[in-house]
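User: I would like to learn how to read pockets and helix packing in a model; could we begin with the pocket?

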Amino acid sequence: MQKDVITLNIAILPDEKTKNSVIKMSKLLSSKISTHFVLGENRLPHITIYQAAFPTKNIEKLKSVVSNIASQVKNFQVGMDEISISHETFLFWNCIKSNDLINLHNFVVEKCNPLREGNIIEGLPIQSAEDKYDVENYGSLLIGPRFSPHITIARIKNELDQDSAIKTASQLSKDGFNVSNIIVGELAEHGTVTKIISTFPLLP
């Protein structure tokens, strides 16, 4: 990682019921196939709105920007959808791509992207021209029209386990949940969030 730079995730969290279901599924998968991590209290299930590498000198400014965004956005419902694989190894539980999620993503990227000052998350799996564009312009992947809201359940080690992982994870209930906060969290290996730095309430 570059000197004096920290990778952060601006994200929303599932409710307790969904969180527990995802953690249980992550543990089940790791008992059946080889995975890079298991979700839990130190690797929190989350839906990324925007993740990027920011200079540490901009952390307080970033928190202020996210707080201001939260003060303008009403709480909303998130619906859950199908299971899929992204970039060969990431097991996604996709969210229904609602206008609420799209608008929040666009708002956050617009206000927070300048604060990274050109820094890029190291080790991103760049596989296409679209990936390259996202990284060069936003320092991250799946931005703008390619925004793909999801909860990452696991990252599998063997691509041959894709079908088995999807079949197992498809047992998850598709119940939605209400989102009432947005967080800034520390981003770690494989896109995991290991610590919540700040939580900001949305409008009721």
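Analyst: Strand S2 (47–55), strand S5 (90–95) and strand S6 (150–155) each supply at least two residues of the lining of the largest pocket, strands (E, at least two residues) and helices (H or I, at least four) being DSSP runs numbered from the N terminus. This is a predicted model, in which local features need pLDDT of at least 70 and side-chain atom pairs pLDDT 80 or more, while totals for chains, interfaces and linings use all residues. Residues are numbered from 1 along each chain as its sequence is written, and side-chain values use heavy atoms, without hydrogens and water.

User: Which strand gives the most to the lining of the largest pocket?

Analyst: Strand S2 does, with five residues.

User: How is such empty space found, and which residues lie nearest the centre of the largest pocket?

Analyst: A probe the size of a water molecule, rolled over the atoms, shows where empty space is left. Here a pocket is an open set of points on a 1 Å grid over the protein atoms alone, where a 1.4 Å probe fits, with protein on both sides within 12 Å along at least five of seven lines, and lining residues have an atom within 4 Å of a point. The lining has 33 residues, with Gln51, Phe90, Leu124, His190 and Gly191 nearest the centre.

User: How do helices H2 and H3 pack?

Analyst: Helix H2 (residues 59–70) packs against helix H3 (residues 99–112) at an angle of about 150 degrees, their axes (lines fitted to C-alpha atoms over the stretch in contact, with angles from 0 to 180 degrees between N-to-C directions) lying 10 Å apart. H2 is therefore roughly antiparallel to H3, a term for angles over 145 degrees. The contact (heavy atoms within 4.5 Å) involves Leu62, Val65, Val66 and Ile69 of H2 and Leu104, Phe107, Val108, Lys111 and Cys112 of H3.

Methods:
Parallel < 35°, antiparallel > 145°, perpendicular 65-115°, else oblique.
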